[in-house]
Amino acid sequence: MAYFTSNRSAGRHFLQIPGPTNVPDRVLRAMDNPTMDHRGPDFGILGKRVLEKLRPVFATSGPVIIYPASGTGAWEAALVNTLSPGDTVLMCETGWFAHLWQEMAGRLGLKARLLETDWRRGADVAAIAEALRGDRGHEIKAVCVVHNETSTGCTSRIEEVRAALDAAAHPALLLVDTISSLGSIRYEHEAWGVDVTVAGSQKGLMLPPGLSFNAVSAKALKASETARLPRSFWDWKPMLAANATGYFPYTPATNLLYALDTALDMLLEEGLGDVFSRHDRHAEATRRAVRRWGLEIQCEEPRHYSSALTAVRVPEGHSANALRAAILERFDMSLGNGLGRLNDRVFRIGHLGAFNDLSLLGTLGGVEMGLRVAGVPHEGGGVQAAMDYLSGNA
Ligand code: PLP
């Protein structure tokens with residue numbers, strides 16, 4: 001059965017969108033195992049093992065909940081388990097995904113107070129601090145931040161957001177979306193005092209789409225006891241009760257859990273510190289290529305550069321979508337499109353997940369050739385700049 005309708009050339013397709021990412025063969029082989037009885041004795045062993053191995057990846061000693069859902073489900077779970085109708089949430093509109101989360105909050109009956117940015121940097125910590133200081137009545141019940149804004153390639157400084165909450169002695173919960181950062185960019189659920197971390201399977205965790213996660217603090221668990229937003233499928237309580245013995249309250253995505261088991265082994269075998277350095281290094285090589293091409297990086301604040309993806313602006317009068325189409329047609333590579341107000345203005349290079357130096361050079365080679373094919377004005381030598389950096393920085 002062919003899943004692609006366009007003509008694919010020989011060799012492998014380059015899936016260089018910022019997630020879903022390429023699934024390693026070892027993970028695909030694990031998924032290939034026969035589905036087991038999710039109420040039988042073997043399942044409990046698997047369930048306990050993956051729930052345990054997830055903790056170091058979130059850097060938490062607390063529970064991590066697994067949903068058979070895309071990341072959007074875990075966003076909803078974070079809100080409905082901790083908040084009540086009419087509660088105010090402070091949301092940082094860093095880009096398209098933060099915007100979608102804020103829209104969801106509104107639909108659920110929360111009052112989203114918005115801190116806007118120009119989509120060229122991470123969350124504005126000074127603005128968060130000011131909003132918290134001004135909120136003497138503690139109306140704000142949660143601060144929601146997208147750690148890595150996948151639409152812009154900007155990473156927010158969560159430890160600084162935590163410091164702003166502490167400095168204001170504000171009791172609001174801190175909810176963080178790590179859907180495109182977990183397993184790619186350093187993240188510390190517990191040390192940064194995050195209450196709910198939202199994550200998904202299809203990016204740094206190197207799995208297909210279909211699983212999402214909530215890592216939960218003791219404070220969030222306590223909030224869930226009195227939170228009144230309606231919830232059923234997303235309810236943490238029956239999930240945690242079943243998870244205690246390695247089981248789930250409803251049918252789990254068994255084969256994705258095999259995949260998760262193996263992907264966690266791969267991350268832990270490489271060592272999370274090395275995984276993060278690998279992503280940092282590929283991101284830096286990518287930025288050097290972009291600068292050599294004479295193109296502009298969407299993220300304007302170097303402290304917020306994302307190590308998972310780079311969004312690149314095309315010059316005025318040129319179409320990022322036409323460029324992506326040419327690259328797909330000629331070189332069989334998918335790049336991320338511009339989302340929301342960035343549609344046609346940027347293309348996004350995903351350099352996260354199962355990825356190495358030569359995958360990056362293939363990716364950048366495809367972009368550099370594509371710029372020429374699509375007639376986008378640029379200087380040559382971007383791939384050379386990346387090679388110079390990579391070969392000089394083991
Ligand atoms: N948040 C971020 C940062 C994302 O990148 C995405 C998807 O790419 C989402 C949320 C939504 O997740 P999903 O599409 O898996 O529902």
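This section describes the domains, nonpolar cores, internal spaces and selected residues of a predicted model.

The chain is divided into two parts, domain 1, which comprises residues 14-22 together with 271-392, and domain 2, which spans residues 25-268. The centres of domain 1 and domain 2, taken over C-alpha atoms, are separated by 27 Å. Across the boundary, 33 residues of domain 1 are in contact with 35 residues of domain 2.

In soluble globular proteins, nonpolar side chains tend to be buried together. In the present model, the largest nonpolar core holds 87 residues, of which Ile 66, Trp 101, Val 143, Phe 213 and Leu 260 touch the most other members. Helix α9, formed by residues 254-270, gives the most to this core, contributing 9 residues. The core is also shared between the two parts of the chain, with at least three residues drawn from each of domain 1 and domain 2. When residues up to four places away in sequence are not counted, Leu 260 touches Val 50, Leu 54, Ile 66, Leu 205, Leu 207, Leu 211 and Phe 213. Apart from the core to which these contacts relate lies another core, of 29 residues, including Ala 289, Leu 295, Cys 299 and Val 314.

With regard to open space, the largest pocket has a volume of about 280 Å³. Its lining consists of 15 residues, and those lying nearest the centre of the pocket are Thr 155, Arg 157, Ile 185, Arg 303 and Tyr 305. By class, the lining of the largest pocket divides into 5 nonpolar, 5 polar and 5 charged residues. Domain 1 and domain 2 each supply at least three residues to the lining of this pocket.

With regard to enclosed space, a search of the whole structure finds 2 cavities of 30 Å³ or more. The largest cavity contains about 50 Å³ of space, and its lining is made up of Thr 152, Gly 153, Arg 287, Ile 297, Gln 298, Cys 299, Tyr 305, Ser 306, Leu 309, Thr 310 and Ala 311. Strand β12, which runs over residues 309-313, gives the most to this lining, with 3 residues. The lining of the largest cavity includes 5 nonpolar, 5 polar and 1 charged residues. Tyr 305 is found both in this lining and among the residues nearest the centre of the largest pocket, while Cys 299 lines the largest cavity and belongs to the core of 29 residues.

The second largest cavity has a volume of about 30 Å³ and is lined by Ile 66, Tyr 67, Pro 68, Leu 211, Phe 248, Pro 252, Ala 253 and Leu 257. The lining of the second largest cavity divides into 8 nonpolar residues, with no polar and no charged residues. Two of the residues named in this lining, Ile 66 and Leu 211, are also touched by Leu 260.

Several individual residues were examined in their local setting. Met 206 is placed in the loop between β9 (196-200) and β10 (212-216), and because its relative accessibility is 4%, Met 206 counts as buried. Leaving aside residues up to four places away in sequence, Met 206 touches Thr 21, Asn 22, Val 23, Pro 24, Val 27, Ser 201, Ala 263, Met 266, Leu 267, Gly 353 and Ala 354. The C-alpha atoms of Met 206 and Trp 293, which are 87 residues apart along the chain, are separated by 30 Å.

Arg 372 lies in helix α12, residues 357-373, and counts as exposed because its relative accessibility is 65%. Between Arg 372 and Leu 323 there are 9.4 Å in space, C-alpha to C-alpha, although the two are 49 residues apart in sequence.

Backbone geometry was notable at three positions in loops. The peptide bond from Gly 19 to Pro 20 is cis, with omega near -5°, and Pro 20 lies in the loop between β1 (14-16) and α1 (25-31). Ala 169, although not a glycine, has a positive phi of about 50°; Ala 169 is located in the loop between α6 (158-167) and β8 (173-177) and, at 59% relative accessibility, therefore counts as exposed. Asp 332, likewise a residue other than glycine, has a positive phi near 55°. Asp 332 is found in the loop between α11 (320-331) and β13 (333-335), and because its relative accessibility is 6%, Asp 332 counts as buried.

Notes: Residues are numbered from 1 along each chain as its sequence is written. This is a predicted model: local features need pLDDT of at least 70, side-chain atom pairs count only at pLDDT 80 or more; totals for chains, interfaces and linings use all residues. Side-chain values use heavy atoms; hydrogens and water are left out. On a 1 Å grid over the protein atoms alone, a cavity is a set of points where a 1.4 Å probe fits but cannot get out, and a pocket is an open set with protein on both sides within 12 Å along at least five of seven lines; lining residues have an atom within 4 Å of a point. Grid points are joined across faces, edges and corners, and a volume is the space filled by probe spheres set on the points. Ala, Val, Leu, Ile, Met, Phe, Trp, Tyr, Cys and Pro count as nonpolar, Asp, Glu, Lys and Arg as charged, and the others, Gly among them, as polar. Domain bounds come from an automatic or database domain assignment. A nonpolar core is a set of buried Ala, Val, Leu, Ile, Met, Phe, Trp, Tyr and Cys residues joined through side-chain atoms within 4.5 Å. Buried means under 20% relative accessible area, exposed over 50%, partly exposed in between (1.4 Å probe, protein chains only). Helices (H or I, at least four residues) and strands (E, at least two) are DSSP runs, numbered from the N terminus. Contact means heavy atoms within 4.5 Å.
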